[in-house]
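Subject: Structure handover

Hi,

Here is the structure I promised to pass on. Have a look at it first, and then read my notes below.

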Amino acid sequence: MCKHILNAQVSIRSPCCRKWFDCVDCHAESQTHPLLQSFEMIFACKKCKKCFRKDVKEFEEADEYCPHCDNHFVLDAITPKAAITVEADDVRVDARMLKDERVAAKKDRPTVFDPDADVDKLG
């Protein structure tokens, strides 16, 4: 699991040490040698778990998909951003989230403040 790119769709086999990494930064963190660059890359799709080779010199738009399962693996990278946020909406803006909408309020049920129907009768 890559901590640098959150939506990594493939793992890449490095040609220098023949190990699998999700990105260049993962290789740099775990290895002491620099990444050897080559024009032929070996990918492992994370969806179907099958490996395939691509030649970077002849990379076309059709090569952005896994040949086995058609998973689109060339995506804009989503990198994590440090932020301190509240996970829910502000309650002061929208108070509907405090109500339990599964329980419907009964209109015909009398309350303490309703006038009693039998008050006008003399007994």
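Let me start with a pocket. The second largest one has a volume of about 250 Å³. By pocket I mean, on a 1 Å grid over the protein atoms alone, an open set of points where a 1.4 Å probe fits, with protein on both sides within 12 Å along at least five of seven lines; lining residues have an atom within 4 Å of a point. Grid points are joined across faces, edges and corners, and the volume is the space filled by probe spheres set on the points.

Before going further, some ground rules. This is a predicted model, in which local features need pLDDT of at least 70 and side-chain atom pairs count only at pLDDT 80 or more, while totals for chains, interfaces and linings use all residues. Residues are numbered from 1 along each chain as its sequence is written, and side-chain values use heavy atoms, with hydrogens and water left out.

Back to that pocket. Its lining is made up of 16 residues, and Ile12, Pro15, Val24, Leu35 and Met41 are the ones nearest the centre. At least two lining residues come from each of β1, α1 (24–30) and β3, with β3 giving the most, at three residues. Helices (H or I, at least four residues) and strands (E, at least two) are DSSP runs here, numbered from the N terminus. By class, nine of the lining residues are nonpolar, four polar and three charged. For these classes, Ala, Val, Leu, Ile, Met, Phe, Trp, Tyr, Cys and Pro count as nonpolar, Asp, Glu, Lys and Arg as charged, and the others, Gly among them, as polar.

The largest pocket holds about 290 Å³ of space. It is also lined by 16 residues, with Ile5, Val10, Ile12, Asp22 and Phe73 nearest its centre. Here β1 and β3 are the elements that give two or more residues to the lining. The lining of the largest pocket has 11 nonpolar, two polar and three charged residues.

Now the sheet. It is open and has four strands in the order β2-β1-β3-β4, with antiparallel pairing. At the edges are β2 (20–21) and β4, each of which pairs on one side only. Two strands count as paired if DSSP finds at least two bridges between them. Between β1 (residues 10–13) and β3 (residues 40–45) there are four bridges, and Val10 stands opposite Cys45. Five bridges link β3 to β4 (residues 51–55), again antiparallel. In that pairing, Glu40 has Asp55 as its bridge partner, and Met41 has Lys54. β3 and β4 form a hairpin with five residues between them, and Lys49 in the turn has a positive phi of about 65°.

Which way do the side chains of β4 point? They alternate: Phe52 and Lys54 point to one face and are buried, whereas Cys51, Arg53 and Asp55 point to the other and are not. Buried means under 20% relative accessible area, exposed over 50%, and partly exposed in between (1.4 Å probe, protein chains only).

How many salt bridges are there? The structure holds four, a salt bridge being a side-chain nitrogen of Lys or Arg within 4 Å of a carboxyl oxygen of Asp or Glu. Three of them are worth finding on your screen:

- Glu29 and Lys3 meet at 3.7 Å, N to O. Glu29 is in helix α1 and Lys3 in the segment before β1, so this pair ties together parts that are 26 residues apart in sequence. Both Glu29 and Lys3 are exposed.
- Glu40 and Arg53 have their closest N and O atoms 3.0 Å apart. The pair links β3 to β4, across 13 residues. Glu40 is partly exposed, at 46% relative accessible area, while Arg53 counts as exposed at 56%.
- Asp63 and Lys54 meet at 3.4 Å, N to O, and both are buried.

One last residue: Val56, in the segment after β4. Val56 is partly exposed because its relative accessibility is 36%. From Glu40 it is 16 residues away in sequence, yet the C-alpha atoms are 6.0 Å apart. Leaving aside neighbours within four places in sequence, Val56 is in contact (heavy atoms within 4.5 Å) with Phe39 and Met41.

Cheers
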